[in-house]
Amino acid sequence: MSIFSKGRVAFGVIAVGAVVALAGCSQADPTAPDTGNAGGGDSSQIVVGSFAFPESEILGEIYAQALKAKGFDVQTKFNIGPRQQTIPALQDGSINLIPEYNGNLLAYYDTAFTQRTTDDVDAALTDAVAKDNLTVYSSAAAEDKDAYVVTQAYAQANGLTSIGDLSKVQPFSLGANPQFAELGYGIPGLKSVYGVSDVTFVPYEDFGGPDTVKALTDNTVQVADIYTTSPALKAENLLVLKDPENLIAAQNVLPLLSKSIDTPELKDALDAISAKLTTDDLIDLRNRVEGSEQASASTAAADWLKNAGLL
Amino acid sequence: MGNFPLVVDLTLNHIRLSIIPIVLGFLIAIPLGRLTLTGRFARGTVITAMSLLYTIPSLPLFVILPAILGTKVLSDTNLIVALTIYAVAIMVRATSDAFFSVSADTKQAATAMGFSAWRRFWQVEFPLAGPVMLAGLRVVSVSTIALVSVGVLIGSENLGYLFTNGKQRNNLEEVGVGIIATLLIALLFDLILVALGRILLPWVRVDRAARRRSKRTTALAPLAAGDSAVAGSEGRS
Amino acid sequence: MNLFVNAFAWIFDPQNWQPGGVSPLPIQDRLLEHLLYTAIAVVIAAAIALPLGFYIGHTGKGRQFVIGFTGAMRALPTLGVLFFLTMVLGSLVKGASGVFWGTIVALVILAIPSILAGAYAGLESVSRPAIDAARALGMTEMQILTRVEIPLALPLIIGGLRAGTLQVIATAVIASYAGLGGLGRIISSGIGLNDYDRILGGAILVTVFALLVDALFALVQRVTRVPGADNGDRGLRSRRRASRPETVVETPTRERNVTA
């Protein structure tokens, strides 16, 4: 009789299952943040977070290094994930500052938002984030937008210049992050604003990174969401489709922070960065980190800060 | 090599995340392994339960634990608990075999000499079970260190970052550095364990040398061949 | 309990099984993909590892190498190897097949050690008298291998395949981060959307899948066991006494020759 007799297997399964069931009476949603801003101990310590793609890490480094130079107590916690993870992190105090993009941030709080220009979006944001005890500072001129991107060859072959032209090439495949299938400027917006609905969505985990670009150039997908500061746009001869209906709002970089660390000194320091940051800067920084140089995010950030006289 | 400080940071964190499961796994597996001696039912149930736990793939286990432990999805605790579970699963088998390998005669002799059950366990069974347990510990060590990097997918800061960041930037070198660093840590831990073995179990070398001498004189080597019966050598994923 | 209930509700929600859903749905597509990757990788790995294992087990040559090799392979971080190979093959091969073949190569490499170990351990466990008798009867080496050694070693060989298959299933879950499909997609998209029902649902699906495959292999192992082939516990115990510290230790999924 093997040790794996039916009785023992059953007992073993029940034993494991019982432990799971008994212990598993956790009602708390593991994806929701802790209620009450617990935060970690020191309330004057700044914890800078970032999204899980290089540009965000660079921006996080810029904030962190500039603040350190100004004498703030700074910790970093980069590459957390998409907004669905960073906002809960802000809410439960694991981080209290993060470089954000105004349009998509507003979209996260108000899926039906109608503001599209930088000023309108900024104005609406202060109220929108206040309910989570958060606030925003001035936005920079630097913008990095989601974009519907195709190869030049594909565009020329099918006469595509704007997003609306995509209705000519239905059905097609579109590659983007999983969130894109649910967001207002993503698949649902493509349908409601431009009337393009026969789309096969192919998710990629790399936020418009190498996998997504490769899928586009290999024609695994015909359209992809690649951000406007990506070095790949130039390197791979890609075309950003025009957006006349303003499906995608302004996406200026701005600091999102917890009200508990809001001080005039912090505002001055971060506003100084926003005043100097341009879209071309973002493209350059990304090129240094993601292109052939493969510089580290902290080096690229430090160099930019020195050039801007902020370090 | 401006990236050196980053790699060092990640390595230190990686080591920290590896040590706890290895040590805890070892400690928890000792009583569990000893338990399997008490009867066929105990042995069967424990081995089956461990087998089932070990079969659960890693990423799923990392994200199932929040439901059981009440942790956040992206918490390091999930990683450590999961790695400990795997460590225990591997180690229990080794400790069970190790205790089984201590001959009944030896145990009886100890009892006859007046050892209490407690003393007998710690001063006779445990040391004699040492070599096989050490072998199991080395397997646990290597597997744990390799598995820690998967934790980066749930936000853990360890050498796995070099893999995801390297992929994000199309930087093959970065990924390679991560693999090599992981292998080096595994090697380091293994050397430490072997050294610990030499110090704590000095009689093994004498025993081995004697057996090697006697082996040369036997016509068949079925025992030696059967010894290294191996099978369970997969890395975990 | 609530969370598990929600997760099961998500799994059994008929909407998630609707064909034509947005990836990672429908579930059955991801299940089939996962099965496909696993099957291809295991078959290729077996084609390489089994003959090699049989050779080493039968002739006894290269044992030390194999022990060292399997031990070293265990130290490889699967995520790193997966990304490394998908990046290399992705740049060599055009199109989505680059990622696909990169992943398959990684899965094959990770499965080979277990299958190899199972094969040669199985052959080594066959009783010497049986082999000697076969030789005395005038069988050729090949005949001994195929008619005596392999049939007697079947449980261990299948045990190695079992471990290898589970390794592949588990690694394929992570492969979704390398751009591949499969059940891992459900979990990764759940993490991306911060949707715990989906995360847990995906995790449960993979776990059940793994457990079922494991049980299937266990059944086959049981069926192929040859009674009275000197695979008894007694033999095991006597070998144990002489076990050396370098013994590469089993993991629990290997229910080796334990009869009770």
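# A tour of the model, core first

Start with Leu107(C), Ala111(C) and Ile115(C): they have the most contacts inside the largest nonpolar core, which has 135 residues. A nonpolar core is a set of buried Ala, Val, Leu, Ile, Met, Phe, Trp, Tyr and Cys residues joined through C-beta atoms within 7 Å. Buried means that 20 or more other C-beta atoms lie within 10 Å of the residue's own; exposed means 12 or fewer, and partly exposed is in between, with C-beta atoms placed from the backbone.

This is a predicted model: local features need pLDDT of at least 70, side-chain atom pairs count only at pLDDT 80 or more, and totals for chains, interfaces and linings use all residues. Residues are numbered from 1 along each chain as its sequence is written, while chains are lettered from A and ligands numbered from 1 in the order in which they are written.

**Next: Leu107(C).** Which residues is Leu107(C) in contact with, leaving aside neighbours within four places in sequence? Select Tyr37(C), Ala41(C), Val168(C), Thr171(C) and Ala172(C). Contact means C-beta atoms, placed from the backbone, within 7 Å.

Another core lies apart from the 135-residue one. This second core has 56 residues, among them Leu97(A), Ile98(A), Leu256(A) and Ala295(A).

**Next: helix 3 of chain C.** Select residues 63-74. Helices (H or I, at least four residues) and strands (E, at least two) are DSSP runs, numbered from the N terminus. Val66(C), Thr70(C), Gly71(C), Met73(C) and Arg74(C) are the buried residues of this helix. Seen down the helix axis, they fall within an arc of 165°, so they line one face. The arc is that of the directions from the axis to the C-beta atoms. On the other side, Gln64(C), Phe65(C) and Gly68(C) are exposed.

**Next: colour chain C by pLDDT.** This is the predictor's confidence in each residue, from 0 to 100. Chain C averages 80, and 85% of its residues score at least 70. Among the elements of chain C, helix 2 (residues 27-59) has the highest mean, 91. Helix 10 (residues 233-241) has the lowest, 39. Over residues 230-260 of chain C the pLDDT is below 50. Beyond near neighbours in sequence, that stretch has 88 contacts in the model.

**Last: chains A and B.** Chain A has 12 helices and 10 strands. Of its 311 residues, 49% are buried. Chain B has 10 helices and 0 strands. Of its 237 residues, 53% are buried.

For the whole model, ipTM is 0.80 and pTM is 0.81.

How values were computed. Expected span 1.5 Å × (residues − 1). Contact = placed C-beta atoms within 7 Å.
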